[in-house]
Amino acid sequence: MKVIVPIKRVVDFNVKVRVKADGSGVDLANVKMAMNPFDEIAVEEAVRQKEAGVVTEVVAVSCGVAACQETLRTAMALGADRGILVDTDVELQPLAVAKLLKAVVAKEAPQLVILGKQAIDDDANQTGQMLAALLGWPQATFASKVVVDTAAGQVTVTREVDGGLETLELKLPAVVTTDLRLNEPRYATLPNIMKAKKKPLETLTPETLGVDATPRLATVKVVEPPKRAAGIRVADVAQLVDKLRNEAKVIA
Amino acid sequence: MKLLVLAEHDNVQLKAATLNAVTAAGKIGGEIHLLVVGSGCAGVAEQAAKVAGVAQVKLVDAPHYAGQTAENVAVLIQAHAAGYGHILAAATSQGKNVLPRVAALLDVAQISDILAVEDGETFVRPIYAGNALATVRSKDAVKVITVRTTGFDPAPAEGGQAVVEALPPGPDLGQARLVTRELTKSARPELAAAKVIVSGGRALGSGENYRQLLEPLADKLGAALGASRAAVDAGFVPNDYQVGQTGKIVAPQLYIAVGISGAIQHLAGMKDAKVIVAINKDPDAPIFQVADYGLVADLFQAIPELTAAL
């Protein structure tokens, strides 16, 4: 069984981003970029399924600028067999990415697509659901456990929902999006990073895939959130209780 | 113009998050219809009909909606989308699961987690873990939107007199089956809607310490209990306690962060609280930069003292 893992190149999760003064967006010049953390979990899951003998091939796909090649090499160093870059300078929104991925799925015919549940830059949490809809496949979002049964043609997924957990059975082919607790991604070792440089990386474009990737949402402006006023340090518990009771008036 | 709001419920009770989504719909303006999809959920439709501001309740009741799986619910909404300018749901795990699927079926963008409405096509939403606010405009014929519940007050649950109209069910696609649902049982207020939250981090050391120290404090305050990712990953509490970018987004009156350092991803979930209290023994912890009241102290002494003082 083949698995496709879409991955996104985003600002490293530890970076405190700065909003540009002209309100046009977030300043990404000279900022450290990395693979979206949820996508690392998706790659790890696919590689573990391969190691368990369930999956035969793991294909990492990234849509965006040429620099996404680095992210694909990272995925290959983690165990993906090959990479596909859908190369474009157009700003890609979730619906466009879902359409590009649908076209890649049509070419590759995987049984499972594993995505991160959201990218930590746009925080949209949409692409996996949209891809599933466009393909007409079932979806299991926010997965914390994935058990594939190829013989029965189904995947059993435990999902993190607001009140706790739920378990779904999906018919394959299916789309799964990962939550943080699905697994602990491994680190790429130096030999694996070297090997990854020799793995195949194919480049496609939205045009060759026949997909219109034009953004649907226009960003009017991007601003900093309101700053919180500086707080105070209290000396002890008694003073804290006094402040909460008499100054902030949040406790009785 | 008409707006359709997907009601969130467990086939018995209408969830409070729906009320916030109704308020957001009200800010856009137009006739609000609430869609109740489930199995044996007529009681929910009755509750929905009483929500102030709702003009109509559409009830779709069939056994194949018992688990409210995304596949069946999304095709149903797609079938009934005609005539609606906006389709909304609360940005809960259910809303986030279903609405992007609806948007893709309708070939429109989805606008996630809106905090404010500027006009019928312009909305404000957080990006980069809440470190920036983007104003986005959609020219799509239908705007599919999820609503950050803490960005909007709840609509009154009583006072409305909507008509309930039963609609025929859509197809059962049979692609997904709900096997089990294990919900965390708690007598405490729901985390996302609580007025006071006591939240614990890694520094508590164990699940036993978490319960022994924080439960009495939460009891005194009538508070919900929350946690940082570190506390969840260490197994102190179940993961639905997690507050942050990838957990729940909360905005209570009072948020007490106990032994939480204040990583970007945690702050994303709670920095809109009215009053933030941080109790941490590290005076340089980033949580103190957003705390209204900071106490540098050993939590194992401070928390019992605080509980006793209340």
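In chain A of this predicted model, contacts between residues at least 6 apart in sequence are dominated by long separations, in that 69% of them join residues at least 24 apart. The chain contains seven helices and 13 strands, and its C-alpha atoms fill a box of roughly 65 × 45 × 40 Å when taken along the principal axes. Of its 252 residues, 55% count as buried.

Several elements of chain A illustrate this burial. Helix H2(A), which spans residues 68-78, has as its buried residues Cys68(A), Thr71(A), Leu72(A), Ala75(A), Met76(A), Ala77(A) and Leu78(A). In an α-helix, residues three or four places apart point the same way, because there are 3.6 residues a turn. The helix is followed by Gly79(A), whose phi is positive, near 130°.

Thr178(A), found in strand E10(A), which covers residues 174-178, counts as buried because its relative accessibility is 0%. Leaving out residues up to four places away in sequence, Thr178(A) touches Phe38(A), Ile41(A), Ala42(A), Ile114(A), Leu115(A), Gly116(A), Lys117(A) and Ala143(A). A charged residue is also buried in this chain: Lys243(A), placed in helix H7(A), residues 237-247, has a relative accessible area of 18%, which is under the 20% limit for burial. With residues up to four places away again not counted, Lys243(A) touches Ile232(A), Val234(A), Ala248(A) and Lys249(A), and also Tyr293(B) of chain B.

Helix packing in chain A is represented by H3(A) and H4(A), the latter comprising residues 127-135, whose axes come within 8 Å and cross at roughly 50°. The two helices are therefore oblique to each other, and their crossing is right-handed. On the side of H3(A), the contact is made by Pro94(A), Leu95(A), Val97(A), Ala98(A), Lys99(A), Leu101(A), Lys102(A) and Val105(A), while H4(A) contributes Thr127(A), Met130(A), Leu131(A), Leu134(A) and Leu135(A). By class, this contact has ten nonpolar, one polar and two charged residues.

In chain B, a comparable arrangement involves helices H3(B), residues 70-79, and H4(B), residues 93-105, whose axes come within 9 Å and cross at roughly 45°. That angle makes H3(B) oblique to H4(B), and the crossing is right-handed. The contact is formed by Ala70(B), Glu71(B), Val73(B), Ala74(B), Val75(B), Ile77(B) and Gln78(B) of H3(B), together with Asn97(B), Val98(B), Arg101(B), Val102(B) and Leu105(B) of H4(B). Its residues divide into eight nonpolar, two polar and two charged.

A further helix pair in chain B consists of H5(B), residues 207-221, and H8(B), residues 299-309, with axes that come within 9 Å and cross at roughly 25°. These helices are therefore roughly parallel to each other, since angles under 35 degrees are classed in that way, and their crossing is left-handed. Asn209(B), Leu213(B), Leu214(B), Pro216(B), Leu217(B) and Lys220(B) in H5(B) meet Leu299(B), Phe300(B), Ile303(B), Pro304(B), Leu306(B), Thr307(B) and Ala308(B) in H8(B). Ten nonpolar, two polar and one charged residues make up this contact.

Leu299(B) is also among the residues touched by Gly259(B), along with Gly201(B), Arg202(B), Ala203(B), Ile279(B) and Asn280(B), when residues up to four places away in sequence are not counted. Gly259(B) lies in the loop between strand E14(B), residues 254-258, and helix H7(B), residues 264-270, and is buried, with a relative accessible area of 9%. The C-alpha atoms of Gly259(B) and Ala278(B), which are 19 residues apart along the chain, are separated by 7.9 Å.

In soluble globular proteins, nonpolar side chains tend to be buried together. The largest nonpolar core of the present model has 54 residues, of which Leu6(B), Ile77(B) and Ile87(B) touch the most other members. Its largest share, nine residues, comes from helix H3(A), residues 94-108. Apart from this core lies another, of 46 residues, among them Val11(A), Ala90(B), Ala109(B) and Phe152(B). With neighbours within four places in sequence set aside, Ile87(B) is in contact with Leu4(B), Ile77(B), Ala81(B), Leu99(B), Val102(B), Leu106(B), Val142(B), Lys143(B), Val144(B) and Ile145(B).

How values were computed: Residues numbered from 1 in each chain as written. Chains lettered and ligands numbered in written order. Predicted model: local features only at pLDDT ≥ 70, side-chain atom pairs only at ≥ 80, totals over all residues. Heavy atoms only, no water. Axes fitted to C-alpha atoms, helices over the stretch in contact; angles between N-to-C directions. Helix = DSSP H or I, 4+ residues; strand = E, 2+ residues; numbered from the N terminus. Parallel < 35°, antiparallel > 145°, perpendicular 65-115°, else oblique. Left-handed = near helix turned anticlockwise from the far one by under 90°. Contact = heavy atoms within 4.5 Å. Nonpolar A, V, L, I, M, F, W, Y, C, P; charged D, E, K, R; others polar. Core = buried A, V, L, I, M, F, W, Y, C linked by side-chain atoms within 4.5 Å. Buried < 20%, exposed > 50% of the residue type's maximum accessible area, 1.4 Å probe, protein only.
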